[in-house]
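Good morning, and thank you for the time. I would like to walk through one structure today, taking its contacts in turn.

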There are 2 protein chains.
Amino acid sequence: MLEYAEPDSAELDSVFHALADPSRRAMVDQLSRGTASVSQLAGPLSISLAAVVQHLHVLEQSGLVRSQKLGRVRTCAIQPTPLRVAEQWAADRRAAWEHHLDRLGDYLAQQPPDQRRKH
Amino acid sequence: MLEYAEPDSAELDSVFHALADPSRRAMVDQLSRGTASVSQLAGPLSISLAAVVQHLHVLEQSGLVRSQKLGRVRTCAIQPTPLRVAEQWAADRRAAWEHHLDRLGDYLAQQPPDQRRKH
DNA sequence: GGCATACTCAAGCATCCACTTAGGTATGCC
DNA sequence: GGCATACCTAAGTGGATGCTTGAGTATGCC
């Protein structure tokens, strides 16, 4: 029944941090439409190729991207699991909050109107 | 039909950045279970209250948390929308990648086996 | 071999980040 | 008024981040 391993804090740190930069998000976005080489990733970005390589390291360390080199060309591919880990973390907190609001609403609805001022 | 406004890069920057710190995530996690004062947020964390206030500013600037002061006490509440924005961004890229894999699979399945070596 | 391509690495630099301490203000209670 | 509580702000610090330039290495093609 274990669908997701509980993500440790360090994993969430690195995934959210990786996604917090617009250049890296653009790279992930491009990779979501298909694999790409390092220079293809650099193409749309107005930063040096060396900077792109550094961003790629960040993405690989977070697990969001994997790459392998064939000949001169390094081909990069997105990895869906860390995306889902981040997604799930946010969804869980949002669900908890909405559940909390529901219970609060039920509670308040049960109180007679002249008692509500106390809460 | 517009369900979500397209999030601008700056908003995603600030939301992902806010979530990239374990203390801030712990604060969001606590707030997902109900509102809390600043010192209640600081309670479980082993950092100074001043640091918690600074984290709170980051969370408020990202829109993840809102707060209001009543008397001496500032009460903080989570805001679900930025969580959903982050969630949706990740989900969209994951969906695009999975769709891409499907199309690639279909394409390869259409090729006669002796042609596949070319691709 | 010669040369372009596609990265890769290292050093340097300005900025940002998380955190602390020290001091401050506003509120509630006696 | 006196005092504790709850928060706020500023300044400083060590370390991480994003970027550049300059140089290097490996591969593919003629």
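Let me begin with a single contact. The side chain of A:Arg24 places an N or O atom 3.1 Å from a phosphate oxygen of DNA strand D. Please keep in mind throughout that this is a predicted model.

A:Ser48 also reaches the backbone of this strand, with a polar side-chain atom 2.8 Å from a phosphate oxygen of DNA strand D. A:Arg72, in turn, addresses a base: one of its polar side-chain atoms lies 3.3 Å from a base oxygen of DNA strand D. Which elements give two or more residues to the surface near this strand? They are helix 4 (49-61) of chain A and, from chain B, helix 3 (38-42), helix 4 (49-61) and strand 3 (73-78). Helix 4 of chain A gives the most, with four residues.

Taken as a whole, DNA strand D is surrounded by 21 residues, and the closest are A:Gln54, A:His55, B:Ser39, B:Arg72 and B:Arg74. Of the atoms of this strand that come within 4 Å of the protein, 69% belong to sugar and phosphate. The residues of this surface comprise six nonpolar, nine polar and six charged.

I turn now to the other strand. DNA strand C has 22 residues around it, the closest being A:Ser39, A:Arg72, B:Ser48, B:Gln54 and B:His55. Here sugar and phosphate make up 67% of the strand's atoms that come within 4 Å of the protein. B:His55 has a side-chain N or O atom 2.3 Å from a phosphate oxygen of DNA strand C, and A:Arg74 has a polar side-chain atom 2.9 Å from a phosphate oxygen of that strand. For a contact to a base, we may look at B:Arg72, where a side-chain N or O atom is 3.4 Å from a base oxygen of DNA strand C.

Which element supplies the largest share of the surface near DNA strand C? It is helix 4 of chain B, with four residues. At least two residues each come from helix 3 (38-42), helix 4 and strand 3 of chain A, and from helix 2 (22-32) and helix 4 of chain B. By type, the residues of this surface are seven nonpolar, nine polar and six charged.

Next, the two protein chains. In chain A, 32 residues are in contact with 32 residues of chain B. Together the chains bury about 2,800 Å², of which 65% is on carbon and sulfur atoms. On the chain A side, A:Arg25, A:Arg94 and A:Trp97 lose the most area to chain B, together 24% of what that side buries.

Between chain A and chain B there are six salt bridges. One of them joins A:Arg93 to B:Asp29, with the closest N and O atoms 2.7 Å apart. Helix 5 of chain A provides the largest share of the side that touches chain B, namely 13 residues. That side of chain A consists of 16 nonpolar, six polar and 10 charged residues.

Finally, how are the two chains related? Chain A superposes on chain B by a rotation of 180 degrees with 0.0 Å of shift along the axis, at an RMSD of 0.0 Å. That is why we may speak of a two-fold axis. Within chain A, A:Glu87 has the C-alpha nearest the axis, 2.3 Å from it. Both copies use the same surface, for 100% of the contact residues of chain A recur in chain B.

Note on methods:
Residues are numbered from 1 along each chain as its sequence is written. Chains are lettered from A and ligands numbered from 1 in the order in which they are written. This is a predicted model: local features need pLDDT of at least 70, side-chain atom pairs count only at pLDDT 80 or more; totals for chains, interfaces and linings use all residues. Side-chain values use heavy atoms; hydrogens and water are left out. A residue is near a molecule or strand if one of its heavy atoms lies within 4 Å of it. A polar contact is a pair of N or O atoms within 3.5 Å; within protein, one must be able to donate a hydrogen and the other to accept it, and residues adjacent in sequence count only if both atoms are side-chain atoms. Ala, Val, Leu, Ile, Met, Phe, Trp, Tyr, Cys and Pro count as nonpolar, Asp, Glu, Lys and Arg as charged, and the others, Gly among them, as polar. Contact means heavy atoms within 4.5 Å. Buried area is the accessible area (1.4 Å probe) that two parts lose on being put together, summed over both. A salt bridge is a side-chain nitrogen of Lys or Arg within 4 Å of a carboxyl oxygen of Asp or Glu. Copies are superposed by least squares on the C-alpha atoms of residues with pLDDT of at least 70 in both.
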